[in-house]
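Work through the exercises below with the model open. Each task is followed by a worked solution.

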Amino acid sequence: MNREQISRIAHAEHPVKSPLDDDSVRRLLERGLPKGTERVLDLGCGQGEWLLRALATRPDVHAEGVDLSEDALAQADAAARELGVRDRLVLHHQKAEEFVSAEPFDVVLSFGAAHAFGGLLPTLAAAREHLAPGGRVLVGDGFWERPPSPEAVEMLGDFTDLADTVDRVVADGWIPVDGHVSTRRELDDYEWACWGSLAAWALDHPDDPDSAEVLETAHARRTEWLRGYRDSWGFVSLVLRRTPGAD
Ligand SMILES: C[S@@+](CC[C@H](N)C(=O)[O-])C[C@H]1O[C@@H](n2cnc3c(N)ncnc32)[C@H](O)[C@@H]1O
């Protein structure tokens, strides 16, 4: 089974591929899209869950999503048709760091995809390229809640603590106008949903040739989380506006 198939099963019960619950996503979208008429871009949109929620509740929003995963984009396409919002959604199958658009966007989103750009600040630099004057960026990335083990850094990459993360964003010319730190419950729910869905799939498909491998992956990833990074890793979401005069 390839990575995309594993990811699809793992996120069956948690379509937002970040440790945020439905209320947090709704509140962040409300702060990011206050008018309801915005042009929105999602860099690393996955199956388009953020855009679909924005489009379904705001009939005048138009959105574009960029992702490398053909499978995730096919899911976004199908879900958008089902919701009746496909005519307001454009999907781009390409590297987010290579995406160009003739028109700027009022809102740029990027959650859980900072690794594609080489970190949070390069992600913000890419978002800025697409942002209309006065626009907002909604970004979500990891931070260290407590000092990590070398294994945790090896698994997840290097981050800073929350205060340093926000200081670096501010020093880069952004002002947080809202934010959210994922709760213990959101972090745990996300991991249980991912590795639990994989384990349940394996148990429900005992005759599938991939069943044993999927169960092993579920065990391995759950152990990596519990022993490797549960105590040190956190996730912060920020709603950002550009500092006046920063450009
Ligand atoms: C953790 S998922 C987050 C998906 C979505 N933002 C969400 O919160 O539900 C990261 C996504 O980034 C995509 N991705 C990784 N590298 C990428 C790249 N270079 N360009 C575009 N998308 C990329 C993956 O395919 C995946 O869909």
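**Exercise 1: the α1 and α8 pair**

In this predicted model, α1 and α8 are roughly perpendicular to each other, and the task is to show why.

Solution.
- Step 1. Take the geometry: the axes of α1 (residues 3-10) and α8 cross at roughly 105° and come within 7 Å.
- Step 2. Apply the cut-off: angles of 65 to 115 degrees count as roughly perpendicular. The pair is therefore roughly perpendicular.
- Step 3. List the contact. α1 supplies Ile6, Ile9 and Ala10, and α8 supplies Cys194, Ser197, Leu198 and Trp201.
- Step 4. Sort by class: 6 residues are nonpolar, 1 is polar and none is charged.

**Exercise 2: the α8 and α9 pair**

Find how α8 and α9 are oriented, and which residues make their contact.

Solution.
- Step 1. α8 spans residues 184-204 and α9 spans residues 211-229. Their axes lie 8 Å apart, at an angle of about 160°.
- Step 2. An angle over 145 degrees counts as roughly antiparallel. So α8 is roughly antiparallel to α9.
- Step 3. Add the handedness: the crossing of α8 past α9 is left-handed.
- Step 4. From α8, the contact takes Glu191, Trp195, Leu198, Ala199, Trp201 and Ala202. From α9 come Ser211, Val214, Leu215, Thr217, Ala218, Arg221, Arg222 and Trp225.
- Step 5. Class the contact residues: 9 nonpolar, 2 polar and 3 charged.

**Exercise 3: the ligand shell**

Which residues come nearest to the ligand, and how does the shell divide by class?

Solution.
- Step 1. The ligand has 19 residues around it. Lys17, Gly44, Gly46, Gly112 and Ala116 come nearest.
- Step 2. The shell holds 9 nonpolar, 5 polar and 5 charged residues.

**Exercise 4: the whole chain**

Judge how compact the protein chain is.

Solution.
- Step 1. Count the elements: 9 helices and 7 strands.
- Step 2. The radius of gyration is 18 Å, close to the 18 Å from the globule rule for 247 residues, so the chain is as compact as a globular protein of that length.
- Step 3. Along the principal axes, the C-alpha atoms fill a box of roughly 55 × 45 × 30 Å.

How values were computed
Residues numbered from 1 in each chain as written. Predicted model: local features only at pLDDT ≥ 70, side-chain atom pairs only at ≥ 80, totals over all residues. Axes fitted to C-alpha atoms, helices over the stretch in contact; angles between N-to-C directions. Helix = DSSP H or I, 4+ residues; strand = E, 2+ residues; numbered from the N terminus. Parallel < 35°, antiparallel > 145°, perpendicular 65-115°, else oblique. Left-handed = near helix turned anticlockwise from the far one by under 90°. Contact = placed C-beta atoms within 7 Å. Nonpolar A, V, L, I, M, F, W, Y, C, P; charged D, E, K, R; others polar. Near = placed C-beta within 6 Å. Rg over C-alpha atoms; globule rule 2.2 N^0.38 Å.
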